[in-house]
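Grab a pencil and work through these exercises. Each one sets a task and then walks through the solution.

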Amino acid sequence: MTGTTVGILGGGQLGLMLEEALSKLHAQVLVLEPDPQAPAAVRVKSVLAAPFEHASAIAELFRRCDVVTYDSENIPVGPLLPHAPKLVPSLRVLETSQDRMREKSFLNQHGFRTVHWQPVPEGADLPTAVKTFGVPCIVKSARFGYDGKGQYFLRSEEEAAPLPLAQPGGWVLEEPLALRAELSCIVARDGKGGTFAFPVFENLHADHVLDITLVPARLEAKWQDEALTTAKAIAEKLDVVGLLTVEFFVGTGRDGQERLFVNELAPRTHNSGHVTRQACAFSQFDALARILTQTPLHAPTLHGGAWAMGNLLGEVWLAQGLAGGALDLSAWRDFPDVVDVFLYGKHEARPKRKMGHFVVQGEQASAVLERAKAFRAALSRSKAT
Ligand code: ADP
Ligand code: MG
């Protein structure tokens with residue numbers, strides 16, 4: 001519907017790209033974001049500068065908007081409670097996906113396979129829990145984790161001792177898998193029973209942060225089919241209206257069998273889905289914009305060839321001797337197959353901080369992967385003048 005006013009809780013790069021998609025549909029957008037230098041706070045016209053805990057600012061956002069979504073699941077639920085009917089995806093979906101204990105319990109209750117795990121509720125003794133669970137294990141904060149933050153790989157029980165006991169929301173312990181691949185699948189549901197999925201992406205991580213996404217994924221069809229079916233089934237079980245991204249592992253656990261495991265859920269657009277901006281007939285942002293404005297949705301098809309999305313992290317800016325902002329893109333002239341570069345305009349470059357991304361088009365997955373790596377290496381060698 002044109003004329004819809006959409007609120008976005010969070011003004012990061014996901015909020016910014018969603019605003020772009022909403023503007024094409026002539027929707028009005030209002031962003032609530034505490035950081036005045038955040039990508040959407042800088043580039044979007046209407047912004048409420050307030051923290052997510054600020055009940056009266058939240059009330060104003062909902063009053064001025066027909067529908068409100070969020071660009072991160074790491075937002076407090078309390079102030080949203082009185083406004084739940086306008087929230088998309090729903091409060092239940094948000095609550096389930098922002099807490100690893102709830103998320104994994106939900107998945108297991110409905111028969112979806114996760115890695116072997118154990119909850120450690122807030123205040124429980126972490127070293128004792130690690131002893132019972134066994135090492136090696138991964139300790140993850142149950143709440144507010146992203147890009148590997150709040151995660152610790154323990155090789156021995158003693159390594160649990162220095163970790164904070166008073167972790168708000170507690171911890172989960174996970175069995176480390178021998179990973180062969182990581183996949184993600186974005187499902188879009190329109191509230192009228194239509195469930196559509198983007199093609200399965202293959203995700204390569206470096207140091208727990210997404211590095212490169214490839215589509216089509218290189219993995220055998222049986223794993224991709226299972227991921228697609230599972231992602232749709234989870235979105236249906238959760239009764240999601242909006243987007244649900246499901247992250248998967250293909251790996252081997254303690255039983256020695258290679259399997260598909262659900263890693264985690266994100267009820268929103270996802271970093272891996274940036275590739276859809278060029279590789280698909282319409283992007284993940286377009287899909288969400290259409291759902292929020294009740295514009296009809298149909299299945300997102302993939303263009304031919306092979307596509308890679310590469311993240312540009314703070315390290316590239318630091319390598320160029322820059323503190324943030326624009327990047328020297330002169331190396332791009334040798335990479336005509338890089339069909340898009342998107343810089344988020346973040347002022348401060350920090351290691352591992354997502355500052356931009358690019359997309360490469362080609363014929364073969366292995367070739368676009370190499371080109372993506374070469375492009376980023378060339379950018380990192382450029383010295384800003
Ligand atoms: P985040 O919320 O930070 O994305 P994830 O649980 O997705 O947290 O973990 C980030 C990355 O760490 C994963 O994409 C994967 O590369 C690695 N990882 C996390 N859990 C496991 C595990 N149980 N076994 C092997 N690798 C893991
Ligand atoms: Mg993850």
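Is Phe144 buried, partly exposed or exposed? Phe144 counts as partly exposed, at 47% relative accessibility. For the cut-offs, buried means under 20% relative accessible area, exposed means over 50%, and partly exposed is in between (1.4 Å probe, protein chains only).

A quick word on ground rules: this is a predicted model, where local features need pLDDT of at least 70, side-chain atom pairs count only at pLDDT 80 or more, and totals for chains, interfaces and linings use all residues. Residues are numbered from 1 along each chain as its sequence is written, chains are lettered from A and ligands numbered from 1 in the order in which they are written, and side-chain values use heavy atoms, with hydrogens and water left out.

**Exercise 1. Describe the overall build of the protein.**

Step 1: Start with the secondary structure. The protein has 11 helices and 17 strands; these are DSSP runs numbered from the N terminus, helices being H or I with at least four residues and strands E with at least two.

Step 2: Check the compactness. The radius of gyration is 21 Å, close to the 21 Å that the globule rule gives for 385 residues, so the protein is as compact as a globular protein of that length. (The radius is taken over C-alpha atoms, and the rule is 2.2 Å times the number of residues to the power 0.38.)

Step 3: Add the dimensions. The C-alpha trace spans about 55 × 50 × 40 Å along its principal axes.

Step 4: Look at inside and outside. Of the 385 residues, 56% are buried. The protein exposes about 15900 Å², with carbon and sulfur atoms supplying 52% of that; areas come from the Shrake-Rupley method with a 1.4 Å probe, and for residues only the protein chains shown count as cover.

Step 5: See how the chain meets itself. Take contacts (heavy atoms within 4.5 Å) between residues at least 6 apart in sequence: 63% of them join residues at least 24 apart.

**Exercise 2. Work out how the protein holds ligand 1.**

Step 1: Which residues come nearest to ligand 1? Out of the 20 residues around the ligand, these are Lys140, Gly148, Glu182, His208 and Asn263. A residue counts as near if one of its heavy atoms lies within 4 Å.

Step 2: Sort the shell by class. Six residues are nonpolar, six polar and eight charged. Here Ala, Val, Leu, Ile, Met, Phe, Trp, Tyr, Cys and Pro count as nonpolar, Asp, Glu, Lys and Arg as charged, and the others, Gly among them, as polar.

Step 3: Find polar contacts, meaning pairs of N or O atoms within 3.5 Å (within protein, one must be able to donate a hydrogen and the other to accept it, and residues adjacent in sequence count only if both atoms are side-chain atoms). Lys140 has a polar side-chain atom 2.5 Å from an oxygen atom of the ligand, and Arg100 has one 3.0 Å from a ligand oxygen. On the backbone side, a polar atom of Leu177 sits 3.0 Å from a nitrogen atom of ligand 1.

Step 4: Ask how much is covered. On its own, ligand 1 has 540 Å² of accessible area, and the protein covers 91% of it.

Step 5: Map the shell onto the fold. β6 (137-141), β9 (178-189), β13 (242-252) and β14 (258-266) are the elements that give two or more residues.

**Exercise 3. Track down the unusual backbone geometry.**

Step 1: Recall the baseline. Most residues other than glycine have a negative phi, and most peptide bonds are trans.

Step 2: Spot the cis bonds. One joins Val88 and Pro89, with omega about -10 degrees; Pro89 is in the loop between β4 (67-70) and α4 (91-97). Another runs from Val215 to Pro216, with omega near -5 degrees, and Pro216 is in the loop between β12 (209-215) and α7 (221-237).

Step 3: Spot the positive phi values. Phe144, in the loop between β6 and β7 (151-154), has a phi near 60 degrees. His208 is not a glycine either, yet its phi is about 70 degrees; His208 lies in the loop between β11 (201-206) and β12.

**Exercise 4. Place Val29 in its surroundings.**

Step 1: Locate the residue. Val29 is in strand β2 (residues 28-32).

Step 2: Judge the exposure. Val29 has a relative accessible area of 11%, so it is buried.

Step 3: List the partners. Leaving aside neighbours within four places in sequence, Val29 is in contact with Val6, Ile8, Glu19, Leu22 and Ser46.
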